[in-house]
Amino acid sequence: MSFEPKILGIACNWCTYTGADLAGTTRLQYPQNIRVVRVMCSSRINPSFIFRAFQLGADGVLVGGCHPGDCHYNTGNLYARRRLAVAKKILEFVGMEPGRFRVEWISASEGNKFAEVVTEFTAQIQSLGPQTKFKIQP
Amino acid sequence: MSRIGVFVCHCGLNIAKTVQVSELAQFAATLPDVVIAKDYKFMCSTPGQEMIAHDIKEHRLDRVIVAACSPLMHEQTFRKVIENAGLNKYMLTIVNIREQVSWVTHDIEEGTSKAKAVLNGAVYRARLLAPLTSRIIDVCSDVMVIGGGIAGIQAALELANNGKKVYLVEKNSTIGGHMAQFDKTFPTLDCSACILTPKMDAVLQHKNINLMTYCEVTEVKGYVGNFEITVKQKARYVDHSKCNACLACTEKCPGKGVSEWDEGLTKRKAIYIPFPQAVPQKPVIDRDACTYFQKGKCKLCQKVCEQKAIDYEQQDTFVTVQVGAVIVATGYDLMNVQPLVQYGYGRYPGVYHALEVERLFNAAGPTGGKVTLRDGKEPQAIAILHCIGSRDKNHYEHCSRVCCMYSLKFAHLFKEKTSADVYNFYIDIRAAGKGYEEFYNRIIEENVKFIRGKAARVTESDEEAGRLMVEAEDTITGKFVRVAVDMVVLSPAITPRADAKEIARLFNLSMDKQGFFMERHPKLAPVSTMSEGIFIAGVCQSPKDIPDTVAQANGAAAEALTIVVKDKLELEATTAMVNPASCCACQNCVRVCPYGAPFFNEQKGVSEINEALCKGCGLCASVCPASAIIARHFTNDQVLSEIEGVMEY
């Protein structure tokens, strides 16, 4: 049996979450490994959310927000962009494969982009195999 | 210990087809603090809602989880249900097992296991929810309408007739928009000006409408019920409070500018009104065309103005107004067809675009309503090319919706005004609308020729000098056709305004792939947007004809009214708050907030948050190094426990 990774998605309410809804409304198919948690804005995402997910056994984490410049809260995603870039560096620094964490800007009209990104990211995590570096073994 | 009730919806087969709903409910019953779990065919139906209300009382539930469609669909519905049953409405959690589970897989096992994971996350999160109190705010009863085309005019009149004060902001010096440029309207062939100008005049006369022409919005602050909008009044160089609209200045002016109203086919003066029925009837000076502004001398307009209204020193001014709701009706542009070199626009004088042709038909247009070419001759044969740039993956994928019908209208008017042969090169004829198919049939009978095939190119005719050759594949006969004509009319794609992005940024609107503003829901909230209190109407939302635009404008006005008829409005309670005991006074929150909600209380030595300004994004909570800021409803603990829950399965 092929490896079925666990992927955490954190999506902002206004763009990526709505885009994910649109992917559903238009019945696009994508792998079911992702579990999406909704926050109001990508700027709400504290890097600790991502680190905790890896500790809990996530094989990959995908963050989605509005395109820079189109944030529902004007500038929120610009802060998110910088903070998440630092989070990615920290993950790399402690030895995590960089491909396990990704930030994507997906607007409310980009249902197909959501499906494409999830499909592609899932395949990437599958090829990376299970994440063991951070996972706290029970 | 909390007492959670879980309600799993089948949504007919929408969910039940790819999620084992009864298994999901059984699974839910095993989760911590869940005292009851049920599944039901349609949870949003009255029996479904009654079941939830009944179970809240019967099982003394203090939290409710509904596993159904997206929270963007029914969160408000179920919040009402639990509120009516005596719970705080923020004790509801929606689990999206339709849009993000059942609809995106065909595999029932995959669907069920994903549904279990997200439901588990919701249970974890629900256990940590806290009751919240909604904020009640005062509502400003005035409304702003952006754009003075037919959509904006209609919306403004509707609101004003309902007794609301309206600020109608138009960037040009007159209202009227594109409709003022049209000669006739399909399918009734009503004279466009005859039906539009009474409405333009009604706007001017209406005591409830504050008409702000030659104005642009530069800043938007605030929130639903209390927007604070700054509008720039561009310098007109004419004091409209003194001007008596005698227009002596426009007669004497030696300056020459390009007439936007005539699509560049004629010249206008440097001091001008765009067209004879312009509203208001008072001129502005185009600096670029004005002899005085360019060369430093002239001032003829000032000399002839008895009212002393000309003021060359006038500057842009800014005014800030308070409104409770906003309607954006900024309209459209036509695609620039010049880069499509195969059609020869700009290279061959015989090639026109649709709006130019509208002007040729118009009695007030460059030719006085006669259909003549740029050299003054009447065309003997005319080709109308549909779908230029639209329904085209290389440019705009969308159908511009009105081109078929106006092309048929053009064909009729060409037949009426000339003896020319008229050819339509089309992909499909789309005549969906009241009286449209009948109009199409009428045009067929008028001996207009229809060639089913998109024109491939327009070249100069080798055989007859000065004529144009249109080439296409006729997809009915399968043959290649070449038609020699004197005039080619392009029906270009309807596109968003060049500055639509700027408008979207100001009002926080989302745009679709083509750049049109996005509605909150494509079917059920077609004039609302993701920004509370901001509505859209007309072609800025997507291409549509005049009847649909007018209907949508009325709809937007009605939606705006539902906000501004109330004195008070309830706002989401999901704001941020500071725990003063943990605040380290770094003031990061004060620096990052886009709305200026956090402020530093010097006396207490801690940050505080002005709840009226907070929109609940949670940015401050993430930048707080002391974790002193609590983003209500999305606290660190709530989000982290949801993550823990979804990662367990």
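This note goes through a predicted model, from the chain contact to single residues.

1. **Overall build of chain B.** Chain B has 649 residues, and 49% of them count as buried. Its secondary structure comprises 17 helices and 34 strands. Along the principal axes, the C-alpha atoms fill a box of roughly 90 × 70 × 40 Å. Among contacts in chain B with a separation of 6 or more, 70% join residues 24 or more positions apart.

2. **Domains of chain B.** The assignment splits chain B into five pieces: domain 1 (4-134), domain 2 (143-234 + 316-331 + 497-564), domain 3 (248-304), domain 4 (333-495) and domain 5 (575-631). Note that domain 2 is written as three segments. Domain 3 falls in the sequence gap between 234 and 316.

3. **Domain 2 against domain 3.** In chain B, the C-alpha centres of domain 2 and domain 3 are 27 Å apart. The contact involves 15 residues of domain 2 of chain B and nine residues of domain 3 of chain B. On the domain 2 side, the residues divide into seven nonpolar, seven polar and one charged.

4. **The A/B contact.** How many residues does each chain bring to the contact? Chain A brings 41 residues and chain B brings 42. On the chain A side, α1 (16-25), β2 (34-39), α2 (47-55) and α3 (76-93) each supply at least two residues. The most come from α1(A), which gives six. By class, this side of chain A holds 19 nonpolar, 15 polar and seven charged residues.

5. **Helix α2 of chain A.** Its buried residues are Phe49(A), Ile50(A), Arg52(A), Ala53(A) and Phe54(A). Arg52(A) is on that list, so check its surroundings in the viewer. Within chain A, the buried residues of α2(A) pack against β1 (7-12), β3 (60-65), α3 and β4 (101-105). They also pack against α17 (636-648) of chain B. Just after α2(A), Gly57(A) has a positive phi of about 105°.

6. **The largest nonpolar core.** This core has 254 residues. Which members touch the most others? They are Ala67(B), Ile327(B) and Val328(B). Helix α11 (residues 403-417) of chain B contributes the largest share, nine residues.

7. **Contacts of Val328(B).** Neighbours within four places in sequence are left aside here. Val328(B) is then in contact with Ile146(B), Gly147(B), Ile503(B), Phe507(B), Leu509(B), Phe517(B), Ile534(B), Ile536(B) and Cys540(B). Two of these names, Ile503(B) and Phe507(B), return in the next point as buried residues of α13(B).

8. **Helix α13 of chain B.** Helix α13 covers residues 500-507 of chain B, and its buried residues are Ala500(B), Ile503(B), Ala504(B), Leu506(B) and Phe507(B). Why do they lie on the same side of α13(B)? Because they cover an arc of only 165° around the axis. The general rule is that an α-helix has 3.6 residues a turn, so residues three or four places apart point the same way. The packing partners of this buried set are β11 (215-223), β18 (325-328), β28 (494-496) and β29 (534-536) of chain B. Just after α13(B), Asn508(B) takes a positive phi of about 60°.

9. **The β32/β33 hairpin of chain B.** Strands β32 (residues 598-601) and β33 run antiparallel and are joined by four bridges. Phe599(B) has Glu608(B) as its bridge partner in β33(B). Four residues lie between the two strands of the hairpin. In that turn, Gly605(B) has a positive phi of about 75°. Side chains alternate along β33 (residues 606-609) of chain B. Ser607(B) and Ile609(B) point to one face and are buried, whereas Val606(B) and Glu608(B) point to the other and are not.

10. **Glu438(B).** This residue is in helix α12 (residues 436-445) of chain B. Buried or exposed? Glu438(B) counts as exposed, because it has 11 C-beta neighbours inside 10 Å. Its C-alpha atom is 19 Å from that of Cys191(B), 247 residues away along the chain.

11. **Thr291(B).** Thr291(B) lies in helix α8 (residues 291-295) of chain B. It counts as partly exposed, because 17 C-beta neighbours fall inside 10 Å. Not counting residues up to four places away in sequence, Thr291(B) touches Pro254(B), Gly255(B), Ala270(B) and Cys298(B). The C-alpha atoms of Thr291(B) and Ile4(B) are separated by 77 Å, with their positions 287 residues apart along the chain.

Notes: Residues are numbered from 1 along each chain as its sequence is written. Chains are lettered from A and ligands numbered from 1 in the order in which they are written. This is a predicted model: local features need pLDDT of at least 70, side-chain atom pairs count only at pLDDT 80 or more; totals for chains, interfaces and linings use all residues. Two residues are in contact if their C-beta atoms, placed from the backbone, lie within 7 Å. Ala, Val, Leu, Ile, Met, Phe, Trp, Tyr, Cys and Pro count as nonpolar, Asp, Glu, Lys and Arg as charged, and the others, Gly among them, as polar. A residue is buried if 20 or more other C-beta atoms lie within 10 Å of its own, exposed if 12 or fewer, and partly exposed in between; C-beta atoms are placed from the backbone. Domain bounds come from an automatic or database domain assignment. A nonpolar core is a set of buried Ala, Val, Leu, Ile, Met, Phe, Trp, Tyr and Cys residues joined through C-beta atoms within 7 Å. Two strands pair if DSSP finds at least two bridges between them. The arc is that of the directions from the helix axis to the C-beta atoms.
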